[in-house]
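The exercises below are to be worked with the sequence and the coordinates open side by side. Each one sets a task and then goes through a solution step by step.

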Protein chains: 2
Amino acid sequence: MADHTADITDNGLESSARNRVLDTATKLFYAEGVHAVGVDRIIAEAGVAKATFYKYFQAKDTLVRAYVQNQSRLGRAAIDRIGKRPARDMILAIFDLVADAAAQPGYRGCPFLNAAAEYPDPGHPVRQAIGEHRRWKHDLLRSLLAADGNPNPETTADILTVAGDGLLIASHLDKPANLRQLIRETVLKILETSAGR
Amino acid sequence: MADHTADITDNGLESSARNRVLDTATKLFYAEGVHAVGVDRIIAEAGVAKATFYKYFQAKDTLVRAYVQNQSRLGRAAIDRIGKRPARDMILAIFDLVADAAAQPGYRGCPFLNAAAEYPDPGHPVRQAIGEHRRWKHDLLRSLLAADGNPNPETTADILTVAGDGLLIASHLDKPANLRQLIRETVLKILETSAGR
DNA sequence: TGTCTACTAGACAAACCTGTCTGTATGCCG
DNA sequence: CGGCATACAGACAGGTTTGTCTAGTAGACA
C-alpha cells in the first residue's frame, strides 16, 4: 500500500513503527472514538505487527494516553505557528483556531472533551493527561491576560475557558453559520467587561 | 435483591420490565458511558430476560436513543419543578440547576454531551435525539429572553447556550470551587450586556 | 379448567475485543 | 561472515459483544 514515510509525529528520535501507530491512532481515535477502535484495526492500518505494538505500548490505555498527549502537542504547535503578537491579538488568534478547526472536513469537536467523555474515572491516566492539557491552556490564557493588563487574570481565564469549551461544543453540535463572528464578539465582550472594573 | 417497584420512568402506561431496563440503562449509561456498558449487564441488573429486552428494544441503539430521550424528559421535569417565575428569575433558576446537578455525588457532566462524543455520525438517531433536546432548550431560552424584554433573543440564546455548555464542562472537568458564583455572574453579565444596546 | 399474555432462563452463533506467544525475515555493525 | 536488534505475520487464549432462539413458568381472565 502506501509507504509510511511521512510521520506527523516524527521527531527524529523515536521508532518509525511507533510513530506510524501513534499517527494512525490519532486519526482513528479522533474520527471514531477511543472505544470504537480496536488494536487490531490500528495495527492493520499502520502496517505494524502486534508484537511491535505491544513493545511500544504496554496496553491500549497507554496508547490512548499517548494519543491525548499527541493531541496536546499538536494543539500547542498550532498556537506556536501563530507567532509573536500583542497579548490581546494573541488571545483572539487562539480562539480563531477553533473556527479554523471547525472549517476542516473531518472536524468532530474537541478531542479532549470527546476523550474525557469516554473515561468516567477522573483518576485514570487518560483523564490526568487531559487535565494537564487543560491546565496548560488555562495558564497560557491567564498569563496572556496579565500581559494585556487585565486586573483579574485568574477569574477572566476561568471565564475564557468556559467560553472556549462552549464555543467548541457549539462549533461541533450546532454548527452556527456565524461562528467566526460569535467567537470574536464573545471573546471581546469578556475582555471588555473584565477589564473595565 | 431489591423489588423493582419504584420506576423513575413509570407513567402508568408502559411495561414494568421495559421501565426497569430503561431506568437501569439510564443509571449505567450515564455513570460509565454507552459503549462501556453491554446489554448483558443491563438485563442482569434490571432483572429482565434477554428476550424481553429485545421485545421492547429492537437493538441496543434503540435503547440508547430511548436513554437520551429519557434524560431529556428528566431535564424538562427538573425545569418544570422550578414553577412559574418572572422570565429573568426563570433563566437564573435554570442555570442554577447545573450547580445543583454538579453537587450530586454521581455527577459526570452533561449526559447529552457525553453521549454525543460516542456517536461520530451526526445523522445517527442518537445524535438526532440529542439535537432535538438542544433545540428545545435553545428555544426555551429564546422565549424566556423575549419575555424578559431582551432585544435580541435569538443571538442571546446562542450566547447563553455557549455559556451553559461551557459551565457544564467546567463543573465536570475543572470543578471550580466558586461554581455557583461563576454561573450567576456569567449569566447576569450576558443578560446585562445583551439588554443594554 | 383452559387459554392467552408476559415474562424468565439460558443456550447458542458469530463477531469482536485485548494481550501473549512462536517463528521468520531483514538490515546493520563489526 | 557471525551476531544482534528490529519488525513482520499470524496463531492462539480467554473473554466480551450483540442478537436469536428454544423451552418453561406465573398470573389474569373466562
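**Exercise 1.** Of the atoms of DNA strand D within 4 Å of the protein, what percentage belong to sugar or phosphate? Then describe the protein surface near DNA strand D.

*Solution.* In this predicted model, sugar or phosphate accounts for 58% of those atoms, and bases account for the rest. Next, list the protein side: 18 residues surround the strand, and the closest are R20(A), Y56(A), V39(B), K50(B) and K60(B). Two of these can be followed to the phosphates, since a polar backbone atom of V39(B) is 2.7 Å from a phosphate oxygen, while for a polar backbone atom of K60(B) the distance to a phosphate oxygen is 2.8 Å. From chain A, a polar side-chain atom of T52(A) lies 3.1 Å from a phosphate oxygen of DNA strand D. Finally, assign the surface to elements: α1 and α3 of chain A and α2 and α3 of chain B each give two or more residues, and α3(A) gives the most, with four.

**Exercise 2.** Characterise the interface of chain B and chain A.

*Solution.* Begin with extent: 29 residues of chain B contact 29 residues of chain A, and the buried area is about 2,600 Å², with 65% of it from carbon and sulfur atoms. A117(B), V162(B) and L173(B) supply 20% of the area that chain B buries there, more than any other three residues. Then turn to charge: the interface holds two salt bridges, and D174(B) and R134(A) meet through their side chains in a salt bridge at 2.9 Å, N to O. Last, among the elements of chain B, α8(B) gives the most to the side touching chain A, with 12 residues.

Terms used:
Residues numbered from 1 in each chain as written. Chains lettered and ligands numbered in written order. Predicted model: local features only at pLDDT ≥ 70, side-chain atom pairs only at ≥ 80, totals over all residues. Heavy atoms only, no water. Contact = heavy atoms within 4.5 Å. Buried area = accessible area lost by both parts, 1.4 Å probe. Salt bridge = Lys/Arg side-chain N within 4 Å of Asp/Glu carboxyl O. Near = heavy atom within 4 Å. Polar contact = N/O pair within 3.5 Å; in protein donor to acceptor, adjacent residues only side chain to side chain.
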